[in-house]
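Biologist: I have a model open and some questions about its folds and hollows. Can we go through it together?
Modeller: Go ahead, the display comes first.

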Amino acid sequence: MKQGKRSGRGPLPAPPEPVRVILDGVLAPFGPRPARTRALPMLQGVQAAVGWLSPEVLAYVSGRTGFPVADLTGLATFYELLATEPAGTYVLRVCDDIACSLDGRGGALLRHLTQTLGIRPGETTPDGRFTLKTVSCLGACDRGPCLLVNQTPVGPAPAGAGSPEKWPEMAPGHHGWLPGHQPQLLHRCGRPDPQTPPAGGLPALTRALAMAPDEVIRAVTASGLTGRGGAAFPAGAKWAACARAAGGQKYVVLNADESEPGTYTNRKLLEDDPWLVLEGMLVAAFSVGATRGYAYVRGEYDLAARRLAAAVAAARQSGWVGEGIGGTGFTFDVEIRRGAGAYICGEETALFASIEGYRGEPRVKPPFPTDRGLFGCPTVVHNAETLACVPAILCHGPAAFAQAPPKLFSVSGHVRRPGVYEAPLGTPLRRLLEECAGGITGRLQAVLVGGAAGMFLTPGQMDTPLTLEALRQAGATLGSGAVLVLNDTVDLWALARRLARFFAEESCGQCTPCRLGTARQRELVDRLCAGGGGAGAEAETELLADLAAVMGDASICGLGQTAAWPIQSLIRQFGLPGGGDAGGR
């Protein structure tokens with residue numbers, strides 16, 4: 001828990017009268033006895049109004065809503081963006097993850113803030129203006145080093161340019177597509193006002209409404225579309241299973257809680273073209289018979305959430321969301337939920353738990369979401385990129401889509417133009433880096449493909465096609481399409497230590513293989529680095545391999561199942577710290 005124990009027994013005192021008035025105003029729209037699913041939005045609203053969730057505030061909220069204090073405290077201590085200790089007027093969250101830390105830039109930014117403000121991470125200035133924190137990836141790896149000033153992203157942070165609260169908001173990053181490729185996902189990015197309806201309306205939804213739902217599902221199946229979030233499950237099979245499932249209420253859920261270091265394609269889509277994602281969501285809902293949907297957007301993605309909310313409001317006003325869509329009997333409405341800082345909520349069942357008002361802890365599968373998902377009802381859940389692919393399938397045909405399936409790649413690290421790029425699956429890695437990202441800066445050492453839970457490729461593997469099969473044969477994984485380029489100035493084992501720390505800190509702690517396994521992995525990686533691959537390294541490597549097997553086989557969700565992948569890949573491809581081998585592994 002982030003909040004220390006309170007001494008003494010007996011009831012907590014009520015907050016001061018001015019605070020109670022503010023709290024009553026925040027709580028009034030939720031009603032006298034709100035449903036459990038409103039718990040997280042309610043706490044987010046309370047914190048925004050009064051600054052932090054003190055024990056007195058939580059007790060008062062409990063009395064007003066009927067939610068047990070223990071449940072509210074459990075939520076407040078689970079999510080990173082909920083504060084159980086007082087904070088300054090401006091909370092500065094500095095990214096210290098793998099992309100922002102390259103070349104010492106993130107460290108330089110942190111040192112500048114520490115020296116300028118006279119505080120260390122975790123502290124608040126005496127005047128109460130600034131609180132400084134270090135956090136994991138903010139999803140802006142192409143614009144690092146970056147930080148959040150409250151909810152405003154800043155990057156690249158202009159160290160030395162005045163007081164942090166006056167630093168300019170982050171400018172849009174690079175985007176583009178492979179020369180010769182006809183873009184399907186980024187073609188409208190860069191419009192002056194992405195919140196207004198596109199000039200052509202929603203043609204894919206119009207086509208879908210003129211078809212039978214099973215015809216739409218057959219088209220998606222024929223296209224070969226697979227989930228773009230990393231699991232690569234066939235979308236058509238998922239839709240068909242949900243359509244067949246018994247039960248009245250069904251849901252479609254947008255999972256935009258991408259929080260894995262190096263990954264930010266969902267952010268680009270929602271900031272630049274929320275309509276494309278919303279249209280895919282509507283087509284999916286029509287096809288499976290869903291009438292309700294939730295868009296769960298990462299808490300750090302403030303601009304993306306605001307633009308999606310504006311698009312939904314405009315769609316509702318235009319008759320594209322609500323009852324009788326397109327003059328048919330199709331009804332579908334969308335509610336936007338904001339995450340509160342928990343990587344684990346990118347796992348689909350943990351996301352369901354968060355929407356339902358619980359701590360974001362994954363559930364054992366089966367049952368799968370298409371049978372028993374959100375609120376126990378059949379549910380289709382996709383990330384933003386997967387849903388954004390759907391309009392292209394209906395507008396251009398499944399055969400055309402299957403011939404050159406579009407994929408987004410978030411490229412960061414030592415390239416001339418970090419950003420989000422669209423290329424057909426099967427594009428060689430070398431072409432992506434040279435023709436889209438402008439080429440490599442410095443002498444290439446390695447490429448981490450697939451995000452924090454990805455694997456390393458060597459310079460000799462730069463012609464590997466970016467497909468699931470080819471990368472698997474190369475000992476790597478496509479994941480969500482994150483590509484981190486590392487030149488020879490990078491200490492790969494220092495990066496491995498940061499990855500091991502990330503997984504240990506982000507484990508929800510629910511299952512023993514992940515909770516203990518990620519902690520022991522972090523310790524072993526630290527020991528390997530401290531020993532430089534010398535005496536005892538073979539035994540440490542054996543233990544790491546055993547941990548990898550246990551976590552992969554016994555963890556409840558993908559976090560624990562894949563947490564060892566980058567470490568094992570590094571050992572296999574580059575050996576141990578100091579140039580030692582891996583003991584025959």
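Biologist: Where is Phe375 placed?
Modeller: Phe375 is in the loop between α12 and β9. Helices here are DSSP runs of H or I with at least four residues, strands are runs of E with at least two, and both are numbered from the N terminus. This is a predicted model, in which local features need pLDDT of at least 70 and side-chain atom pairs count only at pLDDT 80 or more, while totals for chains, interfaces and linings use all residues. Residues are numbered from 1 along each chain as its sequence is written, and side-chain values use heavy atoms, with hydrogens and water left out.

Biologist: What phi does Phe375 have?
Modeller: Phe375 has a positive phi of about 55°, although it is not a glycine. Most residues other than glycine have a negative phi, and most peptide bonds are trans.

Biologist: And what is the relative accessibility of Phe375?
Modeller: 33%, which counts as partly exposed. The cut-offs are under 20% relative accessible area for buried, over 50% for exposed and partly exposed in between, with a 1.4 Å probe and protein chains only.

Biologist: What about Ala232, buried or exposed?
Modeller: Ala232 is buried, at 18% relative accessible area. Its phi is positive too, about 60°, and it is not a glycine. Ala232 sits in the loop between α7 (213-223) and α8.

Biologist: Which residues does a cis peptide bond join?
Modeller: One cis bond joins Gly155 and Pro156, with omega about -10°. Pro156 is in the loop between β4 (152-154) and β5 (174-177). Another joins Pro366 and Pro367, with omega about 5°, and Pro367 lies in the loop between α12 (348-355) and β9.

Biologist: Switching to the whole chain. How many helices and strands?
Modeller: The chain has 21 helices and 14 strands. Its radius of gyration is 24 Å, close to the 25 Å that the globule rule gives for 585 residues, so the chain is as compact as a globular protein of that length. That radius is taken over C-alpha atoms, and the rule is 2.2 Å times the number of residues to the power 0.38.

Biologist: What share of the residues is buried?
Modeller: 56% of the 585 residues. As for contacts, meaning heavy atoms within 4.5 Å, take those between residues at least 6 apart in sequence: 72% of them join residues at least 24 apart.

Biologist: How many residues are in the largest nonpolar core?
Modeller: 133 residues, and those with the most contacts inside it are Tyr79, Trp239, Val252, Leu254, Leu282, Phe330 and Phe332. Helix α10 (residues 274-288) gives the most to this core, 11 residues. A core is a set of buried Ala, Val, Leu, Ile, Met, Phe, Trp, Tyr and Cys residues joined through side-chain atoms within 4.5 Å.

Biologist: What does Val252 touch?
Modeller: Leaving out residues up to four places away in sequence, Val252 touches several residues, including Met281, Ala284, Ala285, Val288, Phe332 and Val380. Apart from the largest core there is another, of 24 residues, among them Phe409, Tyr421, Leu433 and Met455.

Biologist: Now the open space. What volume has the largest pocket?
Modeller: About 1500 Å³. On a 1 Å grid over the protein atoms alone, a pocket is an open set of points with protein on both sides within 12 Å along at least five of seven lines; a cavity is a set where a 1.4 Å probe fits but cannot get out; and lining residues have an atom within 4 Å of a point. Points are joined across faces, edges and corners, and a volume is the space filled by probe spheres set on them.

Biologist: Which residues are closest to the centre of that largest pocket?
Modeller: Gly229, Gly230, Ala231, Gly346 and Glu347, out of the 45 that line the largest pocket. The largest share of the lining, five residues, comes from β9.

Biologist: And how many cavities are there?
Modeller: Five of 30 Å³ or more. The largest has a volume of about 60 Å³, and its lining includes Pro362, Cys508, Cys511, Cys514 and Cys557. The second largest holds about 40 Å³, with Asp142, Arg143, Arg267, Lys268 and Glu271 among the residues that line it.
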